[in-house]
Amino acid sequence: MRKGLFACAAAGSLILGGLTACGDDGGSGSGGSDTGKVGVILPDTKSSARWATADLTYLKQAFAAAGVTADIQNAQGDKTQFQTIAEGMISSGVKVLMIVNLDSGTGKAVLDKARTAGIATIDYDRLTLDGGADYYVSFDNVKVGELQGQGLADCLAAKKYPKPVVAELNGSPTDNNATLFAQGYNSVLDPKYADGTFTKGPNQDVPDWDGAQAATIFEQMLTENRTIKGVLAANDTLGNAAIGILKKNKLNGQVPVTGQDATVQGLQNILAGDQCMTVYKAVKKEADAAAELAIALAKEQKPSTATSTVKDPTSGKDVPSVLLDPQSITKDNVKAVVDDGYVKAAELCVPQVAKACTEAGIS
Ligand code: BGC
């Protein structure tokens with residue numbers, strides 16, 4: 001009964017904030033008398049398919065399996081909503097707050113409020129610069145970028161274009177991960193621009209990782225530079241936007257495009273021959289690692305898993321962290337993502353790519 005009362009109290013405070021009750025979109029479980037509730041704020045549902053599918057599902061599962069009550073909400077890309085959700089969670093008495101920030105400024109404001117209220121904090125996937133979160137769980141994001149740079153270099157080498165012009169569509173300028181991805185891919189591409197293997201083309205940030213803006217930006221790039229022969233797109237959403245414009249110009253398949261997140265769309269683009277590669281990040285591992293930390297903190301135990309540290313470049317502080325390993329995916333190993341249970345064959349292998357699926361050994 002204790003659990004029911006607790007869940008209702010939490011839902012009540014959220015209804016006051018005009019938001020969904022925690023029972024509707026959060027996991028729930030028997031909290032036990034000394035286990036606190038966990039609040040999780042995911043960023044949006046558009047910048048990548050992962051947030052509304054993989055992260056939500058795996059986090060819910062992890063908290064439910066541990067019998068810890070979790071209120072998981074999505075800010076829908078709205079910074080005001082992000083803050084309202086956080087305030088609701090803080091006043092509902094969460095013991096742990098886990099966030100994927102929409103930018104470091106609003107993320108920090110929320111983390112500061114939580115800290116003042118004595119709540120433990122976790123940066124999930126994106127580091128909040130100067131945010132002072134207690135823990136950070138993510139992937140090695142520079143490595144993600146290196147895989148993208150190397151993937152594009154390999155695809156371009158296979159095409160044998162002389163000095164191909166490479167365009168870069170970077171992620172959101174307010175996402176520290178986008179900075180790290182760019183650091184990674186430019187560490188591969190810059191030497192190739194310098195030695196003349198590739199020609200440096202247009203390079204632009206895409207606000208909020210927004211696919212529609214990416215399409216507009218890339219269309220402009222292509223109009224001004226018809227010789228673009230490769231696109232370093234920082235995730236599958238941006239990659240798909242570029243592919244849409246390439247299709248319009250009958251150039252898809254001739255211009256390798258990168259991605260990230262191993263989304264169904266990205267993998268289908270790979271199978272169709274329109275996308276060169278994506279980066280698979282095993283979100284289940286990330287969600288499990290973050291949930292494990294949160295559960296320990298909710299039980300007022302000292303977590304033992306965050307054994308490495310990441311330096312917050314703004315504050316200079318070392319943040320105890322868990323950093324996981326990303327994996328490069330090309331046409332040759334799309335199957336690995338399916339085998340890992342991240343994407344279902346039935347969802348991936350729609351008629352347009354059914355033949356490619358069979359060839360890739362996916363059934
Ligand atoms: C995440 C990526 C995601 C992007 C857009 C980044 O912070 O690490 O996985 O594609 O945000 O949501």
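These legends accompany several close-up views of a predicted model.

**View 1. Strand S6 and its surroundings.** Let's start with S6, which spans residues 165-170. Six of its six residues are buried, so the strand is largely enclosed by the rest of the structure; buried here means under 20% relative accessible area. If you look at the two faces of S6 in turn, you will find cover on both. One side carries Val-165, Ala-167 and Leu-169, the other Val-166, Glu-168 and Asn-170, and all of these residues are buried.

**View 2. S6 beside strand S7.** Here S6 is shown with S7 (residues 199-205), its parallel partner over five bridges. To find your place in this pairing, pick Val-166: its bridge partner in S7 is Lys-200. Between the two strands, the chain runs from S6 through helix H7 (residues 176-194) to S7, making a right-handed β-α-β crossover.

**View 3. S6 beside strand S8.** S6 also pairs with S8 (residues 228-233), again in the parallel sense and over five bridges. Val-166 is a handy landmark here too, with Gly-230 as its bridge partner in S8.

**View 4. The ligand and its polar contacts.** Surrounding the ligand are 14 residues, and the closest are Ser-47, Asp-125, Arg-126, Asp-175 and Asp-261. Three side chains are worth picking out around the ligand's oxygen atoms. For Asp-261, a polar side-chain atom sits 2.5 Å from a ligand oxygen. In the case of Arg-126, a side-chain N or O atom is 2.8 Å from an oxygen of the ligand, and for Lys-281 the corresponding distance is 2.9 Å. Taken alone, the ligand exposes 310 Å², and the protein buries 100% of that area.

Methods: Residues numbered from 1 in each chain as written. Predicted model: local features only at pLDDT ≥ 70, side-chain atom pairs only at ≥ 80, totals over all residues. Heavy atoms only, no water. Buried < 20%, exposed > 50% of the residue type's maximum accessible area, 1.4 Å probe, protein only. Helix = DSSP H or I, 4+ residues; strand = E, 2+ residues; numbered from the N terminus. Pairing = 2+ DSSP bridges. Right-handed = clockwise from strand over helix to strand, strands pointing away. Near = heavy atom within 4 Å. Polar contact = N/O pair within 3.5 Å; in protein donor to acceptor, adjacent residues only side chain to side chain. Areas by Shrake-Rupley, 256 points an atom, 1.4 Å probe, with all protein chains shown as cover.
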